[in-house]
Amino acid sequence: MYRILVASSIAFFTFLVIMGPLTYRTLIPALESEVKNHLISVREIKKVQIQNFFYEKYGDVHILSKNPLVEQSLPRFSNAFRSAGLDSASYKQVDTYYGPLLEHYQRRFGYQNIFLVDKDGNVVFGIKRNEYLGTNLKTGVFSSFTIGEVFKEGLNNIKFSDLTWSEESKDFVFLGAAPVYDASNTLLGLVMVEIPFSKIDPILLQRDGLGETGEIYVVGDDNFMRSKSRFLKQNTILKLEIDTQATKEALAGHTDIKIIKDYRNIPVLNAYTPLENLRDVHWVLLIKIDKKEAFYAVLALKTNLIIIGTVIAVITIVYLYFYFRKRHLQSGHARH
């Protein structure tokens with residue numbers, strides 16, 4: 001009986017000594033790899049969604065610039081504006097005919113506004129009358145603003161701006177422009193659209209599978225956020241500067257996943273990548289989750305292995321102690 005017990009104890013301890021590290025070396029890396037792969041999957045999905053958003057918007061403004069309605073209305077608005085101004089009867093007549101038709105496209109594509117600008121820079125039409133209407137984007141007060149830059153480059157090719165503030169909507173918008181030509185391929189001007197930030201925001205807000213601390217955000221090449229922070233109440237778009245190891249590496253063109261400190265100075269698991277082929281927009285995408293939450297299952301498994309191993313070892317030692325103590329007492333009685 002004594003030999004059997006000793007042999008069993010040795011076998012059990014051997015099992016414990018081998019299986020503990022073996023479990024640690026196999027299960028822990030597997031769990032860590034699963035967490036990282038999930039974050040990488042989310043990163044790649046969001047990357048494709050953002051790229052597709054821009055591809056779609058490029059296509060929309062290109063198609064709009066080729067629309068016969070735009071081709072016909074732009075020179076008519078321009079002539080009426082040049083001859084008598086925005087408040088003239090001739091301008092209102094053109095607006096009455098073409099305005100509702102252009103407004104249909106604004107609603108259909110979800111634009112904040114649509115502008116028609118002649119080749120000399122005059123903003124001759126806007127679905128919504130704002131501060132740009134009637135001004136000149138080549139020589140006027142807005143020539144050095146984002147809308148002026150988009151006009152200058154949009155005369156030659158499709159041009160998109162980064163996020164910019166819209167005083168009219170009190171929100172951020174993208175400006176997109178494309179040149180407009182007549183049937184003889186003569187440049188008439190361009191069509192320009194305002195795309196509200198709300199069109200891309202749902203892509204960034206959809207955080208399924210990222211737990212309580214997961215976040216998806218975008219940073220521009222000036223290091224300022226192009227999205228809203230999940231953890232800060234104030235608006236962070238173009239206001240919060242992000243200067244972390246992840247943003248630096250992503251802006252340098254690298255794609256990776258690492259544990260770093262985020263803009264809250266909290267350790268996170270961060271999967272990052274540059275967003276290529278967005279034409280004029282230079283962004284990087286970051287998907288992160290707090291390290292503590294990301295590796296909670298790993299930490300729980302480590303803790304459980306330690307607890308189970310400790311409990312079994314204590315029970316075994318106590319059992320052996322009383323067993324041998326009992327044998328010692330029994331042998332003592334036998335000698336007497």
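This passage looks at a cavity and a sheet in a predicted model. Residues are numbered from 1 along each chain as its sequence is written, and side-chain values use heavy atoms, with hydrogens and water left out. Local features need pLDDT of at least 70 and side-chain atom pairs count only at pLDDT 80 or more, while totals for chains, interfaces and linings use all residues.

Start with the inside. A cavity here is a set of points, on a 1 Å grid over the protein atoms alone, where a 1.4 Å probe fits but cannot get out; points are joined across faces, edges and corners, and the volume is the space filled by probe spheres set on them. The count comes to one cavity of 30 Å³ or more, with a volume of about 50 Å³ for the largest. Its lining (residues with an atom within 4 Å of a point) includes Asp201, Leu204, Arg207, Glu215 and Lys228. Helix H5 (201-205) gives the most, three residues, and strand S7 (215-220) also supplies at least two. Helices (H or I, at least four residues) and strands (E, at least two) are DSSP runs, numbered from the N terminus. By class, the lining has three nonpolar, two polar and five charged residues, with Asp, Glu, Lys and Arg counted as charged, Ala, Val, Leu, Ile, Met, Phe, Trp, Tyr, Cys and Pro as nonpolar, and the others as polar.

S7 turns up again in an open antiparallel sheet of four strands, ordered S7-S10-S9-S8. S7 and S8 (256-261) are the edge strands, each pairing on one side only; pairing takes at least two DSSP bridges between two strands. S8 is joined to S9 (residues 267-275) by six bridges, and Asp256 stands opposite Tyr272 in S9.

Note on methods. On a 1 Å grid over the protein atoms alone, a cavity is a set of points where a 1.4 Å probe fits but cannot get out, and a pocket is an open set with protein on both sides within 12 Å along at least five of seven lines; lining residues have an atom within 4 Å of a point.
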